[in-house]
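Here is a short tour for anyone meeting this structure for the first time. Have a look at the picture, then read on.

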Amino acid sequence: MSKLYARRRLSILAVLTGLIASAALFNGPTASAALPTPVSAATARSYLSQLTVATENRTGYSRDLFPHWITISGTCNTRETVLKRDGSNVVTDSSCAATSGSWYSPYDGATWTAASDLDIDHLVPLAEAWDSGASKWTTAQRQAFANDLTRPQLIAVTDNVNQAKGDQDPATWVPSRSAYVCTYVRAWVQVKYYYDLSVDTAEKNALTNYLASC
């Protein structure tokens, strides 16, 4: 290999390395949460058009009506399963508790190395589900919703961000990291459509506007 060829090759590699680094700045590190990929924006728009529009009703709601963090496998419950799925280099002890690892919260772009700094967000909150149809479900149906690892419903995020979100829908809350908003609203619509949950007018308007930009 000639010295000139070698220098050109190194130059190309340097450019590629720079591009990869730049992409990481915009897209977040590789430890980003592994939320099941939501439906496309076009499919989400189609689903949204089919959702029932109705006034929400929280009468009788209690978080205890949605049994969550059930055992998934061995000693691992739902929370621990999501932490292992969404983290990088996650190490767990004999009870499946994460003792080390790295987690990137796509809602706000923060990276954490302690599992205690993370909450598992119900993307469509339990109270929101109750308001829009889950009040009529059986306990078994509510348990399935609260522990759903198949739909894009559970994700590890910064704990205080999750707490600030609370039970809000996209009319009043979406992730502060704008690069993730499209993913978030696509996931929201997919979950509501799968579970045949309604939307209120403000919620539908917000979702329509966000999806138009996806």
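Before we get to the hairpins, one bit of vocabulary: two strands count as paired if DSSP finds at least two bridges between them. Keep in mind, too, that this is a predicted model.

**The chain as a whole**

Let's start with the big picture. The chain has 8 helices and 7 strands. It runs to 214 residues, and 42% of them count as buried. Its accessible surface comes to about 10900 Å², with 53% of that belonging to carbon and sulfur atoms. Take the contacts between residues at least 6 apart in sequence: 73% of them join residues at least 24 apart.

**A three-stranded sheet**

Strands 3, 4 and 5 make an open sheet, in the order 3-4-5, with antiparallel pairing. Which strands stand at the edges? They are strand 3 (87-92) and strand 5 (110-112); each has a single partner strand, so one side of each is left without a neighbour in the sheet. From one strand to the next, the twist averages 10°.

Now for the hairpins. Strand 3 and strand 4 form one with 5 residues between them, and in its turn Cys96 has a positive phi of about 80°. Strand 4 covers residues 98-105 and is joined to strand 3 by 4 bridges. Val91, for instance, stands opposite Ser100 in strand 4. The hairpin of strand 4 and strand 5 has 4 residues between the strands, and there Gly109 takes a positive phi near 80°. These two strands pair over 3 bridges, again in the antiparallel sense. Here Tyr104 has Thr111 of strand 5 as its bridge partner.

The sheet has some company as well: helix 3 (residues 78-86) lies across strand 3 and strand 4, and runs at about 135° to strand 3.

**Strand 7 and Thr158**

Another antiparallel pair is made by strand 6 (residues 118-122) and strand 7, with 5 bridges. In that pair, Ile120 has Ala156 of strand 7 as its bridge partner. The table puts the strand pairs side by side.

| Strand pair | Sense | Bridges |
|---|---|---|
| Strand 3 and strand 4 | antiparallel | 4 bridges |
| Strand 4 and strand 5 | antiparallel | 3 bridges |
| Strand 6 and strand 7 | antiparallel | 5 bridges |

Strand 7 is mostly covered, with 5 of its 5 residues buried. Let's zoom in on one of its residues, Thr158, since strand 7 takes in residues 154-158. Is Thr158 buried or exposed? Its relative accessibility is 2%, so Thr158 counts as buried. Leaving out residues up to four places away in sequence, Thr158 touches Ser105, Asp108, Ala110, Trp112, Asp117, Leu118 and Asp119. Thr158 and Trp103 are 55 residues apart in sequence, yet their C-alpha atoms are 9.0 Å apart in space.

**Helix 2 and its buried side**

Finally, over to the helices. In helix 2 (residues 41-50), the buried residues include Ala41, Ala44 and Leu48. These three cover an arc of only 55° around the axis, which puts them on the same side of helix 2. Why does that spacing work? An α-helix has 3.6 residues a turn, so residues three or four places apart point the same way. And what do the buried residues of helix 2 pack against? Their partners are helix 7 (181-194) and helix 8 (201-212).

Technical notes. Residues are numbered from 1 along each chain as its sequence is written. This is a predicted model: local features need pLDDT of at least 70, side-chain atom pairs count only at pLDDT 80 or more; totals for chains, interfaces and linings use all residues. Side-chain values use heavy atoms; hydrogens and water are left out. Buried means under 20% relative accessible area, exposed over 50%, partly exposed in between (1.4 Å probe, protein chains only). Contact means heavy atoms within 4.5 Å. Accessible areas come from the Shrake-Rupley method with a 1.4 Å probe; for residues, only the protein chains shown count as cover. The arc is that of the directions from the helix axis to the C-beta atoms. Axes are lines fitted to C-alpha atoms, for helices over the stretch in contact, and angles run from 0 to 180 degrees between N-to-C directions.
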